[in-house]
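I opened the model to look up one helix, the nonpolar cores and a domain pair. My entries follow.

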Amino acid sequence: MAIRNQQKPEKKNELLSKVKKYGFYAIIVLLLIKLNKPLFFIVLFTVFAFIGKQVRSQFGLKMVVLDPLMFCALLLAQFIDIKSAIIYVAINTLIVDVLTNLVSIGSFLNFFLYTLSSVLSVMLFGSMDMLIYGCIGSLMYSVLYFFFRTTVLPDDPVAVTAKSITSFVFTFLYISFFGPIFKIIMMA
Amino acid sequence: MEKWQKVSAKLSAIILSFLVLFVNLYLYLNGKIIFELLLALLFLQSLISGLMLFTYFLYKKFQRLADNLGFIYIQGTFMHPKFEGHYKGKWFQLHFVSKETGGDWGVPMTYVKLQWKEKKTFDDKKLAAHNRKDYKHSSIIEIKHVVRDYKNYLLLKRRWFTFSPKKIEELMDLLISLSESAKKKTVRKA
């Protein structure tokens, strides 16, 4: 009975600390929205990319590119600025790999390809519909990734082909279904 | 799980999916949400449902394989189960894995383990002769001898999951033959 009574206040304290922690995060997010729109979207999209990578690793889907990195880079390049897109890509390719001790030439290649594809497609075709410059950007990344990973930095051909195809397919799906609502939010 | 519990779980999942769909449609048709948001919510629901169906589909395949081999599910997650049982009088374990780190991270692998309680020793060179080679219908990554406190086993790592009892039996037969040809000596447990 004494142990059960002790457990109840401990659970209440744990719940209270969780409420305080998430309340604090919510205040930070609201402040970011008010103070610095680009930073807010960089943080938000980094969280999305993290969730996508977690789902992918949980399911062991190495050859399926689920994370919305390309999609978010395109949105940032189009609706915020090019600098924010480059910072976002740098965080999610180079900095994350440095922090997890997984940095390699592949990390730099990814940074280069994501930045080039997103920035170039927005600069050249940004005046057209999102679906057009989005598909061009993701196709550019997939083709360049396939080229570099089969000639310059060779990797397993099955993995490279699968990643190229799934990267394009999922970016296309994200642009088609999430693109319109994000366009409205980011232009507000 | 009882049969009625399985049926109720499936029915609940289907009902919940339809409920979410109808709520979204209702909100849109009554002007509470815009079309763009409806599109995003429908896609999100499809994505989550797709992943859950994929997980369930894999789970059924694993279950059928275990039943065909006469093995018992001992532990593991939906995606990475462990089965144990006997084949030709030998104690085997199957483990389906996908590592998050290491050289073969993210690649689904099938581990076949031929196990003993008494300690054994093997010629590692003979075991390694099959490493990174194709054997019948399987691509073998590695074969090695692993020693734990309570057991030791010959571990065969096969690239990709397999749900074919025939391919699993080929690998188990290989391990049985290697356990004889690569054996050094047996140290009986006191």
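What should the 22 residues of helix H2 (residues 37-58) of chain A span at 1.5 Å a residue, and how far apart are its end C-alpha atoms? The expected span is 32 Å and the end C-alpha atoms are 32 Å apart, which agrees; the expectation is 1.5 Å times one less than the number of residues. Helices are DSSP runs (H or I, at least four residues), numbered from the N terminus.

I noted that this is a predicted model, in which local features need pLDDT of at least 70, side-chain atom pairs count only at pLDDT 80 or more, and totals for chains, interfaces and linings use all residues. Residues are numbered from 1 along each chain as its sequence is written, and chains are lettered from A and ligands numbered from 1 in the order in which they are written.

I then listed the buried residues of H2(A): A:Phe41, A:Ile42, A:Phe45 and A:Ala49. Buried requires 20 or more other C-beta atoms within 10 Å of the residue's own, with C-beta atoms placed from the backbone. They cover an arc of only 100 degrees around the axis, which puts them on the same side of H2(A); the arc is taken from the directions from the helix axis to the C-beta atoms. Their cover includes helices H3 (69-79), H4 (82-99) and H8 (179-187) of chain A.

I next examined the largest nonpolar core (buried Ala, Val, Leu, Ile, Met, Phe, Trp, Tyr and Cys residues joined through C-beta atoms within 7 Å). This core has 32 residues, and A:Cys72, A:Ala73, A:Leu76 and A:Tyr88 have the most contacts inside it. H3(A) gives the most to this core, with 10 residues. Leaving aside residues up to four places away in sequence, A:Cys72 touches A:Phe45, A:Phe48, A:Ala49 and A:Tyr88; contact means C-beta atoms within 7 Å.

Note on methods. Helix = DSSP H or I, 4+ residues; strand = E, 2+ residues; numbered from the N terminus. Buried ≥ 20, exposed ≤ 12 C-beta atoms within 10 Å, placed from the backbone. Contact = placed C-beta atoms within 7 Å.
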